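Please read this briefing with the sequence and the coordinates open beside you. The topics are a strand with its partners and a pair of helices.

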Amino acid sequence: MPPLSRYPYLYAPGTAKEQFKPMPIQPTSKIWHNGSLIPWEQANIHVMSHVIHYGSSVFEGIRCYGLPQGSAVFRLPEHMQRLLDSAKIYRMEVPYTLDELCAAVVNVIEANGVAPCYIRPIVLRGYGEIGVSPKGTPIEVYIANFPWGKYMAGHGGADVCISSWNRLAPNTMPALAKAGANYMNSQLIRMEAEINGYQEGIGLDVNGLVSEGSGENVFVVRNGVLYTPQLGNSALSGITRDSAIAIARHLGYTVIEQPIPREMLYIADEVFFTGTAAEVSPIRSIDRILVADGNPGEITKKIADEFFGIANGLKPDRFGWLTPVKVNAAKPVSA
Ligand SMILES: Cc1ncc(COP(=O)(O)O)c(C=O)c1O
């Protein structure tokens, strides 16, 4: 019998440890907290905070890209509006406007002087109440930024599986809220995929229809038409999903949001993920069935070219997606 690891649940016998790509956080200098910049190492919360026990947080993940002419945050207002929407679903009263939150993101990036970077705003219920009811717990808003590279390794496409875990059932955990608690489900999907030698898992919804990856939306291409699950299939309304739809339509393609049966993935001409972390990432195989010949498809490549062209300032910002920040573009963060 192969030796068991110290972490038998994460590294099951025979599991390639290379599957687990470490992504250590690189600290920066400041974190924005409730209107002020505080030192990175002082951005701590008490173990008895409501969020620790009940998962009461909503958050965002945003990228700032390095452009030849400076740096810019990708779709900042849309991300911060989704943060406010997530908070509203959970009756969290955020004491900042959309404009103030966007300004706070720019402020922390410029203060840290780190770009390109990943930005992590989070709204959480803090210390003050141990009951499930959050009444009496303060709302805390933090925004951190730090360098971060590629999330989906390799350019040839990801090998993914259909997860044995379903995504959140409607009217249980609201899938349109990007809430910390939802990511317990994402963790189950991701860990299962990695343990079984895949890069990512795709969750089906409670009816067995394609929903999304643990942290990405899914697109399928068949006969020149793009398909993606509807938001009613327990999918997050991804900002990159929206960007891919806009780009595809701009390029003249038809995009249909519709229920997608699992087997449509197996017979697709192309399948790709979208997400702030994953950006636009081709999928090479699903459950060990190759997508077409296993190479990234033409439509995926065209959408990725346009997406990265706009994000990196090499193509016109035709949709008005970039918010400039005054940080000199360093070399792009490597994977
Ligand atoms: C579950 C899930 N679906 C989809 C996405 C993609 O969303 P976005 O493109 O806004 O990053 C993410 C990432 O935030 C996610 O966590």
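Which residue in β15 is the bridge partner of Phe272? The bridge partner of Phe272 in β15 is Pro282. This is a predicted model, in which local features need pLDDT of at least 70 and side-chain atom pairs count only at pLDDT 80 or more, while totals for chains, interfaces and linings use all residues. Residues are numbered from 1 along each chain as its sequence is written.

**Strand β14 and its partners**

- Strand β14 covers residues 270–275 (strands being DSSP runs of E with at least two residues, and helices runs of H or I with at least four, numbered from the N terminus), and 6 of its 6 residues are buried, that is, with 20 or more other C-beta atoms, placed from the backbone, within 10 Å of their own.
- Glu270, Phe272 and Thr274 are buried on one side of β14, and Val271, Phe273 and Gly275 on the other.
- Strand β11 (residues 217–222) runs antiparallel to β14 and is joined to it by 5 bridges, with Val218 opposite Phe273; pairing requires at least two DSSP bridges.
- Strand β15 (residues 279–286) pairs with β14 in the antiparallel sense over 4 bridges, and a hairpin joins β14 to β15 through 3 residues.

**Helices α5 and α7**

- The axes of α5 (residues 239–250) and α7 (residues 298–311) come within 10 Å and cross at roughly 110°, which makes α5 roughly perpendicular to α7 (angles of 65 to 115 degrees).
- Ser243, Ala244, Ile247 and Ala248 in α5 meet Ile303, Glu306 and Phe307 in α7, contact being C-beta atoms, placed from the backbone, within 7 Å.

How values were computed. Axes are lines fitted to C-alpha atoms, for helices over the stretch in contact, and angles run from 0 to 180 degrees between N-to-C directions. Angles under 35 degrees count as roughly parallel, over 145 as roughly antiparallel, 65 to 115 as roughly perpendicular and the rest as oblique. Two residues are in contact if their C-beta atoms, placed from the backbone, lie within 7 Å. A residue is buried if 20 or more other C-beta atoms lie within 10 Å of its own, exposed if 12 or fewer, and partly exposed in between; C-beta atoms are placed from the backbone.
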